[in-house]
Structures are given as structure tokens and as C-alpha cells.
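Reader: I'm new to reading protein structures. Could you walk me through this one and show me how its labels are justified?

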Amino acid sequence: MMALEGVAGAVTAITGFEKGSGKTTFLNHAHAIARHTGPVALFTIGVDGAQKARDSHLVPAEITVAVGDVVMTTEHFARTASARFEILEALPGRSALGPLLVGRTVREGSVTLVGSEHLSVLANLLERVAQEKWAHSVLVDGAVNRLTQIRALGNVNFAFTARIDRSSLGRAAGRIRNLAALAQLPRVFENSPQTHWIEGIVNAERLAAVPSGIKALVIEDFTKVFLEPAELTRALGRFEFLVCQPLQLLCFAVTLRDVARDEFLQMVGPIAAAKVLFNPYEVAC
């Protein structure tokens, strides 16, 4: 099993294949590792916390922060958190849960992260973190349907979390196998008559419209690919894919239920297996 590396000193977006995939567990694990080199900024994107709060049987997940860490949350959650903060900045606008703020932890404890609905707020905040040296590393709790937007933030590592049981094994293994393949795609350096550029999303309809005789496709980056695992497998066999911006894949953080590790690793293949980090709190099987 690989050891988690690459989070210290970097911006890492953590996204799950679905709700309950283990994002919060992985976030806390990555946070503990990144803390070895200095304070960590912990943010979330979108309104996931707000959506959970409106659900009668779900509550926003809390994360544990240490002294010096920086978070984005609301006034309400800052007041009710077991951690304590000094306010660094009040953010423009408000979330569905109230006014947003950026705070530095002065007493360790737990807090609920809340994000802005506007990606520009997060982008500006990342610039402030770098300029003001508020933190050495950044962890962003992302979402699958926001990947294209997160990619626009620039030099970002991606970590994918997945909770896999016997019923979801086949589909999940296919998704992981294909994401690993996309992460390996080479950068385009020159054009040729047999190269076709696709701007924007890559779906089955766009692939069907590719002129005959085309051998290579150039896409912007992996977040633009909207293909089912079987569709992507066929496309990768039909075309040579090149990207304008390669994917910086940190790992697949996987939790297994009723599936042996060896069986799972065999299904995802050697390229993906090299990027698998099993849940550090899971009993090996």
C-alpha cells in the first residue's frame, strides 16, 4: 500500500465518487500529514454543507483543526465550534448558512467547513493564502460535479475517495482504472493533420462527430471527460489522447467492504493500483 505523499506545501482537492465515500476521513488523514511542515488551510467548495443541513437526517461533517490552521466557515459555525478562531477576513456575500469568514485557529478543536457558492471567492482566497503566508498547505473538500471548476484554480493535486462493496465493485473499478489512464495522458506539444482538438466537454456525441481518419484527440484536461467507463475504454482504444493540462493525481483513497484488497487491485490494474491508498483505519483483508 502506498504512503500518502505530496500534500505538504501543495493545494490538494479531495473529491468523492459519491456521498459517504470517506472524504472527511481522508481529509483528516491528509491534514495530519500536511501539519508536519506547518499550518494548513482547509476549505470547501460549493454548498454541500448547506444541503446537508437542510436534510433532516444529515448534518455537516466536522473536521479537527490545530492551532495556526486557517478555515472558511460561517459566523454561526465559528461561534459554536469547539475550536476558537481569530478573524482574518470577512468574505463578500453570504452562503445559504449565513455570512462567511476566514479564521485562524487559536485553540484546537473541531469546526464545520462551509464554502462559497462562487468559485471566484475560493480562487481569491487561495491567492491570499499564498501572498499572506497564512498556511503552508491547502486542502479543498471538493465535489465530483465541481471538478471542471476546481481545475480552473491552477496547480492542484487531486485525490479521489471511494467506498466500495461487492455490489459496486465492477463499476467503481472501471472508473478508477479509467481515471488512472487519464492521469497518464501525455501533454500535446505539436499539431498534425491527423490530430483533432475538442474544446469543452468530451462526451459520446462529441466523439461520434470526430471526422474519419483522425488518429489523435487533444482535450483540455481530464475534468472535461464525461464518458461512462465502457465508453472511455473504447475511446482510449480507438484514439491516442493528448491533453493541454495533465492531471496531477495524488491517490485513490479506497475503503473496501466485503472485498479483498488483492481482488480489488487486480481489477483496477497495475497503473491504478500504484495510486491506491487504502483507508488507514481499515482492517486489512
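Author: Happily! Keep in mind that this is a predicted model. A good place to start is strand S13, which gives the lining of the largest cavity its largest share, three residues.

Reader: Which elements supply at least two residues each of that lining?

Author: Helix H1 (23-34), strand S13 (249-256) and strand S14 (276-278) each do so. The lining has twelve residues, and those closest to the centre of the cavity are Gly22, Phe26, Ala253, Thr255 and Asn279.

Reader: What makes this space a cavity?

Author: A cavity is a set of points where a 1.4 Å probe fits but cannot get out. The search of the whole structure found two cavities of 30 Å³ or more, and the largest has a volume of about 80 Å³.

Reader: How many residues of its lining are nonpolar, polar or charged?

Author: Six are nonpolar, six are polar and none is charged. Gly counts as polar in this scheme.

Reader: How do you know that S10 and S11 pair, and what does the pairing rest on?

Author: Pairing needs at least two bridges between two strands. Three bridges join S10 to strand S11 (residues 216-219), so the two strands pair, and they run parallel. In one of the partnerships, tryptophan 197 is matched with valine 218 in S11.

Reader: Why do S10 and S12 stand at the edges of the sheet?

Author: The open sheet has the order S10-S11-S12, with parallel pairing. Strand S10 (195-197) and strand S12 (240-243) each have a single partner strand, so one side of each is left without a neighbour in the sheet. On average, neighbouring strands here are turned by 25° against each other, direction ignored.

Key: Residues numbered from 1 in each chain as written. Predicted model: local features only at pLDDT ≥ 70, side-chain atom pairs only at ≥ 80, totals over all residues. Heavy atoms only, no water. Helix = DSSP H or I, 4+ residues; strand = E, 2+ residues; numbered from the N terminus. Axes fitted to C-alpha atoms, helices over the stretch in contact; angles between N-to-C directions. 1 Å grid on protein atoms, 1.4 Å probe; cavity = no way out; pocket = protein on both sides within 12 Å on 5 of 7 lines; lining within 4 Å. Points joined across faces, edges and corners; volume = space filled by probe spheres on them.
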